[in-house]
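Hi there,

I'm handing over the structure we talked about, with a few notes to go with it. Please have a look at it first and then read on.

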Amino acid sequence: MNVSTSCVDLFVDINDTLYCSMSDYDQVVKRSLHDSVMTSNRVAAGTGIQGSASNELSYPHGIFVDVNLDLYVADCQNDRVQLFQSGESNGITVAGSTSLNPTITLRCPTGIILDAEKYLFIVDYGNSRIVGSGVTGFRCLVGCHGRGSLSSQLNSPVSFSFDSYGNMFVNDQWNNRIQKFLLMKESSRLSFNQPKFCPTATWNSNGITIANQSIVGSDPRAIFVDTNNTIYAANRENNTIIMWHEESVNPTKIIYGNFTNSESLFVTSNGDIYIDDGVINGRVQKWSAETNTFVTVMNVNSSCVGLFVDIHDTLHCSMPDYDQVVKRSLHDAVMTSNRVAAGTGIRGSASNQLAGPRGIFVDVNLDLYVADCFNNRIQLFPSGESNGITVAGSVSVNPTITLRYPTGIILDAEKYIFIVDSYNHRIISSSLNGFRCLVGCYGVGSQSNQLYYPFSFSFDHSGNMFVTDSSNHRIQKFRYLEESCGKFRMIE
């Protein structure tokens with residue numbers, strides 16, 4: 001192909017037609033690779049005159065042609081994505097503030113890809129992020145924490161691509177790097193249920209008591225529901241781990257141990273149970289499903305109020321007494337190999353400090369979320385970074401909710417944040433329009449629609465929520481209302 005300017009993007013469609021996006025000439029041209037005449041370029045989109053009319057473009061960049069030969073153009077300086085249906089010279093705005101159903105504002109989009117379901121993925125260059133469409137509109141996928149050089153940030157990305165597993169590769173221009181972002185489906189190694197909720201997901205406000213004081217003791221703290229819907233809870237009064245299947249009325253197994261006042265537990269995909277034994281014995285123990293015995297896997301000098309094992313088999317422990325989260329690889333034979341994951345060890349509210357951290361969550365990108373209890377906030381520590389970003393609480397960049405002693409944190413597959421807001425006696429979550437109350441929204445109490453100092457929670461495979469309602473001496477199950485989202489999706 002002979003062209004009179006740079007081809008900012010190239011595409012070859014299923015009929016072997018080559019497309020060139022010419023930013024300097026505000027046009028996309030094409031020619032068949034079966035045509036022997038090299039002067040056979042034809043106009044695919046744009047008049048060649050810069051403008052914002054439906055048949056015009058302004059500095060077009062990325063292009064994509066689907067199997068119907070419809071052409072999508074990242075129309076950069078018009079801050080929109082245009083669809084030129086096969087044979088048509090007038091485009092339809094499918095993304096941007098001027099689209100028929102405006103749902104997202106773009107700033108110079110430079111890349112565009114469609115998946116097999118016709119969902120749009122866009123490089124939003126001016127906002128240093130990647131966005132995508134879904135059943136409820138557009139949402140940010142990566143680069144959602146502002147422009148920068150952290151692992152969770154981008155700086156003027158230009159183009160991107162997917163591998164056969166769905167992982168995303170981004171040309172992060174001004175950071176002088178190419179970033180790989182793992183698709184959440186690679187979380188198949190996760191032992192817990194990570195649902196994929198929509199922004200309007202709703203739960204029955206009335207809970208069902210599935211375990212009372214006679215089963216879990218007077219102050220239940222730890223709960224875990226695995227992918228087989230087996231429920232694990234720690235009874236702090238008689239130092240036992242209680243196991244039962246969700247459909248069972250009575251416990252199916254009770255494990256006796258020499259741990260004391262356990263605040264948290266975590267179960268891995270092979271059935272091994274990690275349990276806090278730090279307040280007196282200064283350790284984390286593992287109950288091996290293979291040998292039915294306990295071994296020490298981490299030495300600590302505080303209770304681990306939050307435990308988490310990430311996809312790389314790194315064990316994290318949240319130590320409120322030392323205002324720090326520590327971690328160690330379970331593949332490391334050296335028991336003194338604890339490393340700092342978050343916090344300086346000095347109580348404070350700076351971005352690198354914590355105050356009484358409780359629940360923790362590590363996503364597949366190894367970003368760490370901490371329920372920073374006494375600071376009344378949720379902190380995100382991007383992988384490898386010592387400075388956190390406040391993502392929930394009145395001191396966040398976009399304050400939308402006031403927290404009081406948050407103690408638990410879970411992310412779903414859409415990165416919506418679910419929080420145990422303990423001293424407000426409720427469970428809340430983020431959504432497209434900020435935070436909202438999910439359960440315990442009727443004040444403190446012991447009624448079925450109330451909570452009294454909830455501490456932790458977990459989801460089953462159907463999206464139902466299980467909450468340790470500690471001062472009511474019970475575990476409550478709140479049924480997920482599938483009709484609130486349409487068809488429910490679980491990450492497999």
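**Between the two domains**

The count between domain 1 and domain 2 is 1 salt bridge. Keep in mind as you browse that this is a predicted model. The salt bridge joins the side chains of arginine 139 and glutamate 414, with 2.5 Å from N to O.

To place those two residues in the chain: domain 1 covers 7–181, and domain 2 covers 202–484. Taken over C-alpha atoms, the centres of domain 1 and domain 2 are 41 Å apart.

As for the interface itself, 8 residues of domain 1 are in contact with 11 residues of domain 2. About 750 Å² is buried between the two domains, and 55% of that is on carbon and sulfur atoms. Besides the salt bridge, you may want the polar contacts: the count between domain 1 and domain 2 is 2 residue pairs, with both residues at pLDDT 80 or more. Sorted by class, the side of domain 1 that touches domain 2 has 3 nonpolar, 4 polar and 1 charged residues.

**The cavity**

I also looked for enclosed space. The count is 1 cavity of 30 Å³ or more, and the largest cavity holds about 360 Å³ of space. It is lined by 26 residues, and the closest to its centre are Ile223, Leu307, Ile360, Ile409 and Phe457. If you want a place to start in your viewer, those five residues will take you to the cavity centre.

Happy browsing, and best wishes!

Note on methods:
Residues numbered from 1 in each chain as written. Predicted model: local features only at pLDDT ≥ 70, side-chain atom pairs only at ≥ 80, totals over all residues. Heavy atoms only, no water. Domains from an automatic or database assignment. Contact = heavy atoms within 4.5 Å. Buried area = accessible area lost by both parts, 1.4 Å probe. Salt bridge = Lys/Arg side-chain N within 4 Å of Asp/Glu carboxyl O. Polar contact = N/O pair within 3.5 Å; in protein donor to acceptor, adjacent residues only side chain to side chain. Nonpolar A, V, L, I, M, F, W, Y, C, P; charged D, E, K, R; others polar. 1 Å grid on protein atoms, 1.4 Å probe; cavity = no way out; pocket = protein on both sides within 12 Å on 5 of 7 lines; lining within 4 Å. Points joined across faces, edges and corners; volume = space filled by probe spheres on them.
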